Amino acid sequence: MGALLGLMLGIGLLTVWLGLAPTADQTVEQTAEQRSTQIRSGRVAGDDRPRTSLRQRQLAVAASLACGIAVLLVTGLAMVGLIAAVGGYFVPRAIENRRRHREAQRRREAWPDVIDSLVSAVRAGMSLPEAVAAVGVRGPEVVRPAFLRFATDYRASGRFSDCLLRLRDDLKDPVADRIVEALLAAREVGGSDLGRMLRTLSDFVRQDIRLRGEAEARRSWTVNGARLAVAAPWLVLLLLSTRTEAAAAYRTTAGMVVLVACAGACVLAYFLMTKLGRLPDEQRVML
């Protein structure tokens, strides 16, 4: 029985590793001809979402299996193993949300540099399409792919306004919305104040980043403390389960009820903590 559980644990961990490893098609970039074909045919960038969703579910099931078996081997308690399996199912989603949060933070911190790049290009005498496309070469790395797609899009269609709107939909960011609206206004009605407008926007964005960074630094202490408070009882339970008499107490009906009630209280407390401690996201305003 122990060998079977060990084999299942190994299979679960291997599945997790395979799920996290990048596939070959994810490492190959689209060529300009492929992108132009997608633009002309009206295809969107999210055609592979069902495949990604399926992969995430498979990874969640593998993580659930691995966590459940690992805890069952350590404690010998089926109920604790079941609770660990349920918690392990949401581990990949938490990791993905964490990755998206870091990416959004990196993108938010990159916008002042993007605006400065646009201002420098406009001062150098570049046209607006050339200035926007140049961000894909000289701008921050986190936003380069979207601006490179804009450049390919513009070379294929030649419609600056439509390409800017697609860039806005691609970035999905409130600051990007303001930049796109400013560029559209400058393109349609003209004006020599575009550089001044972008510099003012850059100052506002930098101030917002500084204030939000201070708020997130203060929030992180509370959130990490709450996570530790939720995890500590289960770590103590794992240690207690190594003793035969303690494990026997949780095999009874009353012990299982206590475990389920504690798990429910921890889930409710963590949910309330994340909801009440979450900083509000900046709303997108599109004209």
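1. In H6, a helix in the DSSP sense (an H or I run of at least four residues, numbered from the N terminus), the buried residues (under 20% relative accessible area, 1.4 Å probe, protein chains only) include Arg 107, Arg 108, Ala 110, Trp 111, Pro 112 and Leu 118. This is a predicted model, where local features need pLDDT of at least 70, side-chain atom pairs count only at pLDDT 80 or more, and totals for chains, interfaces and linings use all residues. Residues are numbered from 1 along each chain as its sequence is written, and side-chain values use heavy atoms, without hydrogens or water.

2. H6 also bends by about 35 degrees at Ala 110 (the angle between axes fitted to the seven residues ending there and the seven starting there), with Pro 112 following within four residues. After the helix comes Gly 125, whose phi is positive, near 95 degrees.

3. Now to the interior. The largest nonpolar core (buried Ala, Val, Leu, Ile, Met, Phe, Trp, Tyr and Cys joined through side-chain atoms within 4.5 Å) has 34 residues, with Trp 111 and Leu 118 among those with the most contacts inside it. H10 gives the largest share of this core, eight residues.

4. Worth a look is Phe 150, which is buried at a relative accessible area of 2%. Phe 150 and Tyr 154 make a stacked aromatic pair (ring centres within 6.5 Å, planes under 30 degrees apart), at 6.2 Å centre to centre and 15 degrees between the planes. Both lie in helix H8, four residues apart, and they form one aromatic cluster with Phe 160.

Key
Buried means under 20% relative accessible area, exposed over 50%, partly exposed in between (1.4 Å probe, protein chains only). Helices (H or I, at least four residues) and strands (E, at least two) are DSSP runs, numbered from the N terminus. Rings of Phe, Tyr and Trp (its six-membered ring) pair if their centres lie within 6.5 Å; planes under 30 degrees apart count as stacked, over 60 as edge-to-face and the rest as tilted.
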